[in-house]
Protein chains: 2
Amino acid sequence: VHGLDEFGLIARYFTHSGKARRGVGDDCALIDVGNHTLALTSDMLVEGVHFFSDDTPADIAHKALAVNLSDLAAAGAEPRCFLLDLALPQLDPAWLQAFSGSLMQLARYFHCDLIGGDTTQAPATSPTSGALVIAITAIGEVPRDDVRGRDGARAGDDVWVSGELGDAALAVRRRYAQARGAVAAAPLPDSVMQRLTRPQPRIALGMGLRGLASAAADISDGLVGDLGHILTRSGCGARIDWRLVPHSQAVAALALDERQAVTLAGGDDYELVFTADPSRREQILALSTPELPLTCIGSLCQQPGLHWSGLDGTRCDAPSIPLRPFTHFSGGTHHDRP
Amino acid sequence: VHGLDEFGLIARYFTHSGKARRGVGDDCALIDVGNHTLALTSDMLVEGVHFFSDDTPADIAHKALAVNLSDLAAAGAEPRCFLLDLALPQLDPAWLQAFSGSLMQLARYFHCDLIGGDTTQAPATSPTSGALVIAITAIGEVPRDDVRGRDGARAGDDVWVSGELGDAALAVRRRYAQARGAVAAAPLPDSVMQRLTRPQPRIALGMGLRGLASAAADISDGLVGDLGHILTRSGCGARIDWRLVPHSQAVAALALDERQAVTLAGGDDYELVFTADPSRREQILALSTPELPLTCIGSLCQQPGLHWSGLDGTRCDAPSIPLRPFTHFSGGTHHDRP
């Protein structure tokens, strides 16, 4: 609609102005406070856009905080505190109990205190109901001399991803199919559905990569989109062998097109994609665990754009799907972020 | 609905947990970062709840940032930066131009940089439209040894307000009357309407009161409500002569009941109510200007609650309106805040 996507929109109307060392366009803004550096990030989740109306309050609360913590993870920040703005359709004590219980559980796990915010009436969607809206601002701390954004990648760097990609997008497709009343094949394992409903912010990895990663982003819009932001902001390109992109057994069972779509352009994984000098390989592999493997999927090159090729330099077939990250205003329906 | 008001809700489900020195229940949360102390506040504005659908984008943007800066003013903080979350019904370049222009103008005036945030699709209110939602988190800095919240007031302190109260509530009533198609009397002066649409955060006053005020709040819910929070949190009461509460000529022209309602229980003024030891009177009056007069309206006492009396100790007639601050969930329609 008007040819502006979200990123164009932000760049055009809301370019930041000064004191922050990084800002609009990175996962986090960084500000210096005395000898300390804070990472700040804010995300808004809207009912019917970022979560389904029948998602449980515990899942919604988890996700609202997790997506913000995931931005802190990309910046290598240690979580410190957060503010919560909540537009509520009604005051339902059972709903609030479940919501706040889940929220506080995730907050405690990461030692990230709720320090303030606002509650208000939800936007009315009918005379008797409204849409839940949640906005969270999370604040973390990063070492002054090791700030990391999306612009530090250099040609020659390796490209890495954490964990497996595609489960969350697969789960979204299944939820939409269910909503349409489509008969599903075999039900997806809980482990796949939970990649959508209970994303795990990669805080420990993000902090472990301090001094190792040259650039990082969390994968909220899909690998192509989020790696694309790193490439654009760093002024380089990447050669990626899509066959190396790690995925689950559930994704392996999909047809080729769908497999490529969910692993490369699916959103909501909240894994990290990061770049690092090849001299760091051993140190990075030391951070890899059976629960959260780290996989090198290619390397950066001078030539701008994403080039699909084998790690040995031979070209491989480019994925057959249209590899654009989706954005809200060009028909996407899920979570997107500057 | 269920007997929970907003404040009960926050206290019950979202009590903050630790590192902040102040938090849920104050205008701002305060966190220590090295030798510095930051004040953080977050407010969400919802179309149809906090502003009218036909308000101009410039007015909406101004108000969204101003109400957050007003919280910083109450805490005596110097504004530093803010994050903006925006749920947009559509991408309208003219609307965005007007919105961002007004937002950035106010931000520049207070040297408060936009450092990040999120844009997303608005909650759908019909298949073709949605409700605008704006959440802003503002960050300011306060002196480490002079933090000020709502809990420092003591019996014997004077009670002061800045400016004039009631114009914003009067403007709201007029807007609702217009929306209902009611024939209005003489139109209100622009100066009155602008108290609603263009509230001025009292940053300079807030900083000027460092070391002078024992407690402060901004008047977003009405004098009775916001002074009431100070009294509750400070464990004291107040004797206020309502005839001393300053108001404009437009308010003076109202019938007694309506005059009391808009000055004492009307919201959206965004003036400051603060308390201070009587020994500070001269220093406080030195901050009073013709543009922003400071008025002592009473004093604090041991006996809990609000007591209406003359400053000379004689009782005066209690206002005849039901002096409860409105809250969203008990039928109020305007801006409310923890």
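This report describes a sheet, a helix that lies across two of its strands, and the largest cavity in the predicted model.

Because the model is predicted, local features need pLDDT of at least 70 and side-chain atom pairs count only at pLDDT 80 or more, while totals for chains, interfaces and linings use all residues. Residues are numbered from 1 along each chain as its sequence is written, chains are lettered from A and ligands numbered from 1 in the order in which they are written, and side-chain values use heavy atoms, with hydrogens and water left out.

**The sheet**

Chain A holds an open sheet of 6 strands in the order 9-11-8-12-10-13, with mixed pairing; strands (E, at least two residues) and helices (H or I, at least four) are DSSP runs numbered from the N terminus, and two strands pair if DSSP finds at least two bridges between them. Strand 9 (213–218) and strand 13 (305–308) of chain A are the edge strands, each pairing on one side only. Within the sheet, neighbouring strands are turned by 25° against each other on average, direction ignored. Strand 8 (residues 158–162) and strand 12 (residues 294–301) of chain A pair in the antiparallel sense over 5 bridges, and Asp158(A) stands opposite Ser299(A) in strand 12 of chain A.

**Helix 2 and its partners**

Helix 2 (residues 57–74) of chain A lies across strand 9 and strand 11 (272–276) of chain A, where contact means heavy atoms within 4.5 Å. The angles below run from 0 to 180 degrees between N-to-C directions, and axes are lines fitted to C-alpha atoms, for helices over the stretch in contact.

| Partner of helix 2 (chain A) | Angle |
|---|---|
| Strand 9 of chain A | about 170° |
| Helix 3 (residues 93–109) of chain A | about 35° |

The axes of helix 2 and helix 3 of chain A are 7 Å apart. Residues of this contact include Leu65(A) and Leu69(A) of helix 2 and Trp95(A) and Phe99(A) of helix 3 of chain A. The contact residues divide into 13 nonpolar, 2 polar and no charged, where Ala, Val, Leu, Ile, Met, Phe, Trp, Tyr, Cys and Pro count as nonpolar, Asp, Glu, Lys and Arg as charged, and the others, Gly among them, as polar.

**The largest cavity**

A cavity is a set of points, on a 1 Å grid over the protein atoms alone, where a 1.4 Å probe fits but cannot get out, and lining residues have an atom within 4 Å of a point. The largest cavity has a volume of about 100 Å³, a volume being the space filled by probe spheres set on the points, which are joined across faces, edges and corners. Of its 11 lining residues, those closest to the centre are His50(A), Phe51(A), Asp55(A), Lys63(A) and Leu196(A). Helix 2 of chain A gives the largest share of the lining, 3 residues.

Conventions: On a 1 Å grid over the protein atoms alone, a cavity is a set of points where a 1.4 Å probe fits but cannot get out, and a pocket is an open set with protein on both sides within 12 Å along at least five of seven lines; lining residues have an atom within 4 Å of a point.
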